[in-house]
Amino acid sequence: MRRTDRELRDTAEIQRILEEAKVLRLGLRDGDYPYIVPLHYGYVYEGDGLRFYMHGAKAGKKYELVKASSHAFVELDCAVETTGEGDIACVYGANYASLMARGEVCLVEELDEKIEGLKRLMRAQTGRDFEITEQQAAGVAVFRFDAAEYSAKKRQLG
């Protein structure tokens with residue numbers, strides 16, 4: 001990270017980003033170009049471990065790209081706010097907090113993990129706990145992203 005003065009290492013600050021951001025952007029390999037898709041997510045953040053769960057259709061571009069290559073990248077951001085005023089462009093900036101991670105993505109096949117992943121997704125998105133039935137879990141694809149490395153940063157102007 002070039003701007004180490006903005007780097008976040010405090011787990012409480014990283015946890016805040018995970019809780020406040022509602023959309024994860026999943027980057028996948030698509031031939032010569034990246035394919036980026038915004039998704040709702042759930043997560044597990046324990047120690048230095050970071051895992052995301054997402055869901056989608058059991059067919060389509062995202063599904064096929066995940067099956068073709070496990071290499072992936074994710075990005076989340078929150079607290080985005082434009083700063084500055086006046087007629088000079090260079091005085092404008094933005095406050096934000098973000099997290100980026102490189103790792104591996106896969107389809108979750110085991111039913112209990114699919115249910116747990118969907119429960120985490122609903123908790124992260126709504127703040128509530130839901131029961132997920134086997135039938136509900138069987139009706140969707142659940143994707144798991146395991147971060148090999150991640151970084152977080154924050155820019156907060158006065």
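Which side chain does the side chain of Tyr53 meet in a polar contact of 2.8 Å? Keep that in mind as a destination, for the tour reaches Tyr53 after a look at the fold, and bear in mind throughout that this is a predicted model.

**The whole chain**

Begin with a cartoon view of the protein, which has four helices and eight strands, and follow the chain from its N terminus through the pattern β-α-β-β-β-β-α-β-β-α-α-β. If you then colour by relative accessible area, buried residues will make up 37% of the 158 residues. A contact map is a useful companion here, since residues 24 or more positions apart account for 71% of the contacts with a separation of 6 or more.

**Helix 1**

Select residues 11-20, which form helix 1, and show the side chains of Ile14, Ile17 and Leu18, which are buried. These three cover an arc of only 100 degrees around the axis, which puts them on the same side of helix 1. The general background is that an α-helix has 3.6 residues a turn, so residues three or four places apart point the same way.

**The largest nonpolar core**

From helix 1, widen the selection to the largest nonpolar core, which has 32 residues and in which Leu18, Leu26, Phe52, Met54 and Leu99 have the most contacts. Strand 7 gives the largest share of this core, with five residues. Centre next on Leu99 and display what surrounds it: leaving aside neighbours within four places in sequence, Leu99 is in contact with Ile14, Ile17 and Leu18, and also with residues including Leu50, Phe52, Val74, Leu76 and Tyr150.

**Ser98 and Glu75**

Step back one residue to Ser98 in strand 7, which spans residues 93-107. Ser98 counts as buried because its relative accessibility is 11%, below the cut-off of 20%. Not counting residues up to four places away in sequence, Ser98 touches Ile17, then Glu75, Leu76 and Asp77, and finally Ser151, Ala152 and Lys153.

One of those partners deserves a selection of its own: Glu75, which sits in strand 6 (residues 71-83). Is Glu75 buried or exposed? With a relative accessible area of 18%, Glu75 is buried. Beyond its neighbours within four places in sequence, Glu75 is in contact with Val23, Leu24 and Arg25 on the one hand and with Ser98, Leu99 and Met100 on the other.

**The aromatic cluster**

Now show the aromatic rings, among which the structure holds four aromatic pairs. Select Tyr41 and Phe52, whose pair is edge-to-face, with 5.6 Å centre to centre and 85 degrees between the planes. Tyr41 lies in the loop between strand 3 (33-39) and strand 4 (42-46), whereas Phe52 lies in strand 5 (residues 49-56), so this pair ties together parts that are eleven residues apart in sequence. Tyr41 is buried, with a relative accessible area of 0%, and Phe52 is likewise buried at 0%.

Keep Phe52 on display and add Phe145: these two form a tilted pair, with 6.2 Å centre to centre and 40 degrees between the planes. Here the link runs between distant parts of the chain, from Phe52 in strand 5 to Phe145 in strand 8 (residues 141-155), 93 residues apart. Phe145 counts as buried, at 0% relative accessibility. Adding Tyr43 brings the cluster into view, since ring pairs link Tyr41, Tyr43, Phe52 and Phe145.

**Tyr53 and the second core**

Move one residue on from Phe52 to Tyr53, which also lies in strand 5 and counts as buried at 4% relative accessibility. The opening question is settled here: a polar contact of 2.8 Å joins the side chains of Tyr53 and Glu113. Leaving aside neighbours within four places in sequence, the residues in contact with Tyr53 include His40, Tyr41, Val108, Glu113, Arg120, Val142 and Arg144. A distance label between C-alpha atoms will show Tyr53 and Glu116 separated by 9.1 Å, although they are 63 residues apart along the chain.

Tyr53 also belongs to a second, separate core of eight residues, which includes Val108, Ile132 and Val142.

**Last stop: the cysteines**

Finish by selecting Cys78 and Cys106. Cys78 counts as buried at 6% relative accessibility, while Cys106 is partly exposed, with a relative accessible area of 24%. How many disulfides does a search of the whole structure find? The search finds zero.

Conventions: Residues numbered from 1 in each chain as written. Predicted model: local features only at pLDDT ≥ 70, side-chain atom pairs only at ≥ 80, totals over all residues. Heavy atoms only, no water. Buried < 20%, exposed > 50% of the residue type's maximum accessible area, 1.4 Å probe, protein only. Helix = DSSP H or I, 4+ residues; strand = E, 2+ residues; numbered from the N terminus. Arc of directions from axis to C-beta. Contact = heavy atoms within 4.5 Å. Phe/Tyr/Trp six-rings, centres within 6.5 Å; stacked < 30°, edge-to-face > 60°. Polar contact = N/O pair within 3.5 Å; in protein donor to acceptor, adjacent residues only side chain to side chain. Core = buried A, V, L, I, M, F, W, Y, C linked by side-chain atoms within 4.5 Å. Disulfide = S-S within 2.5 Å.
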